[in-house]
Amino acid sequence: PTRELLFLTIFCNSVLSSLPLSQPKRRNIEMANTLERNAATHVWHDLHVGSDAPTLINAVVTIPQHSKVKYMLDKKSGLLKVDKVLMSASVYPHNFGFIPRTMKDDGEPVEILIMTQVSVVPMSIIRAKPIGIVRILDQGDKDDKVVAVCADDPEFKDYNDLSELPAHRLAEIRGFFQDYKKLEGRTVTVEEMEGTEGGVRAVKDGMDLYTTMVVRDLQG
């Protein structure tokens, strides 16, 4: 399917969902559903961010906890591709992924670290509650990561802010992002870690930018 078709389907469903039911709306929904059935699923564009977003969201896991392999979304196909094996001795401290239907200034989906007791299979959908954000500069470029807890993990679901986490958890997250690219010769600086307000705002900004870009692309 073309990129325009995917964007059109997403945009139509978003607009139609806010309207009262009517016969024209039913016909439009049927048309949109037909388009979706005949298009390959793309997790970034087809998966809804969640009805309670930005405080409770759907996230897609790309890298399982304790992995040394960095997988990333192939934006063209919607599949995962191996980006690299980490050069350092570091492993991802928690499950890592992205938030569907969001976008950062660099055109990539908003990235998210999801805290759970165990590793989660890549391409799984996980309900996540943002509790903060890590402000990062990678070679001078902004590369922030939202931090969340799994809403269905009894060990983590009751945390509501980064400040509630044990100090060693925060140090673990900071240390990983500070060091995991060091042997590649890249300069990564963790500037600060903000609480829930910053994380939720990043999700909302990502949702708004994604919607703006969909409308722009539809308008040609």
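Asp144 and Lys142 form a salt bridge in this predicted model, and their closest N and O atoms are 4.0 Å apart. The two partners differ in their surroundings, because Asp144 counts as buried at 11% relative accessibility, whereas Lys142 counts as exposed at 60%. Salt bridges that share partners join these two residues with Arg135, Glu194, Glu197 and Arg201 into one network. The points below place this network among the other charged pairs, and then turn to the strands, the cores and the backbone.

**Charged pairs**

- Side chains of opposite charge can pair when their charged atoms come close, and the structure holds 20 salt bridges.
- One of these salt bridges is formed by Lys84 and Glu184, with the closest N and O atoms 2.9 Å apart. It links distant parts of the chain, since Lys84 belongs to strand E3 (residues 80-85) while Glu184 lies in the loop between H4 and E9, 100 residues apart.
- Is Lys84 buried or exposed? At 19% relative accessibility, Lys84 counts as buried, because the cut-off for that class is under 20%, while its partner Glu184 is partly exposed, with a relative accessible area of 26%.
- Lys181 forms a salt bridge with Asp138, and here the closest N and O atoms are 2.5 Å apart. This pair also links distant parts of the chain, with Lys181 in the loop between H4 and E9 and Asp138 in strand E6, 43 residues apart. Both Lys181 and Asp138 are buried.

**The chain as a whole**

- The protein chain has five helices and nine strands, and their order from the N terminus on is α-α-α-β-β-β-β-β-β-β-β-α-β-α.
- Of the 220 residues in the protein chain, 45% count as buried.
- Among contacts with a separation of 6 or more, 67% are between residues 24 or more positions apart.
- The accessible surface of the protein chain comes to about 11,300 Å², and carbon and sulfur atoms account for 54% of this area.

**Strand E5 and its partners**

- Why can strand E5 be described as largely enclosed by the rest of the structure? The description holds because five of the five residues of E5 are buried.
- Glu111, Leu113 and Met115 point one way from E5, while Ile112 and Ile114 point the other way, and all of them are buried.
- E5 pairs with E4 in the antiparallel sense over four bridges, and Glu111 in E5 is the bridge partner of Phe98.
- E5 also pairs with E8, but in the parallel sense, again over four bridges, and in this pairing Leu113 stands opposite Val147 in E8.

**Nonpolar cores**

- In soluble globular proteins, nonpolar side chains tend to be buried together.
- Which members of the largest nonpolar core touch the most other members? Of its 20 residues, these are Tyr92, Met115, Val147, Ile173 and Phe177.
- The elements that give two or more residues to this core are strand E5 (111-115), strand E6 (125-138), strand E8 (145-150), helix H4 (167-179) and strand E9 (188-194).
- Leaving aside its neighbours within four places in sequence, Ile173 is in contact with Leu113, Met115, Val134, Val147 and Met193.
- There is also a second, separate core of 19 residues, which includes Ile112, Ile133, Val203 and Met207.

**Backbone details**

- Most residues other than glycine have a negative phi, and most peptide bonds are trans.
- The peptide bond from Ala53 to Pro54, in contrast, is cis, with omega near 10°, and Pro54 is placed in the loop between helix H3 (43-46) and strand E1 (57-63).
- Arg101 is not a glycine, yet it has a positive phi of about 55°, and this residue is found in the loop between strand E4 (95-98) and E5. With 14% relative accessibility, Arg101 counts as buried.
- Gln139, likewise a residue other than glycine, has a positive phi near 55°, and its place is the loop between E6 and strand E7 (141-142). With 43% relative accessibility, Gln139 counts as partly exposed.

Conventions:
Residues numbered from 1 in each chain as written. Predicted model: local features only at pLDDT ≥ 70, side-chain atom pairs only at ≥ 80, totals over all residues. Heavy atoms only, no water. Core = buried A, V, L, I, M, F, W, Y, C linked by side-chain atoms within 4.5 Å. Buried < 20%, exposed > 50% of the residue type's maximum accessible area, 1.4 Å probe, protein only. Contact = heavy atoms within 4.5 Å. Pairing = 2+ DSSP bridges. Areas by Shrake-Rupley, 256 points an atom, 1.4 Å probe, with all protein chains shown as cover. Salt bridge = Lys/Arg side-chain N within 4 Å of Asp/Glu carboxyl O.
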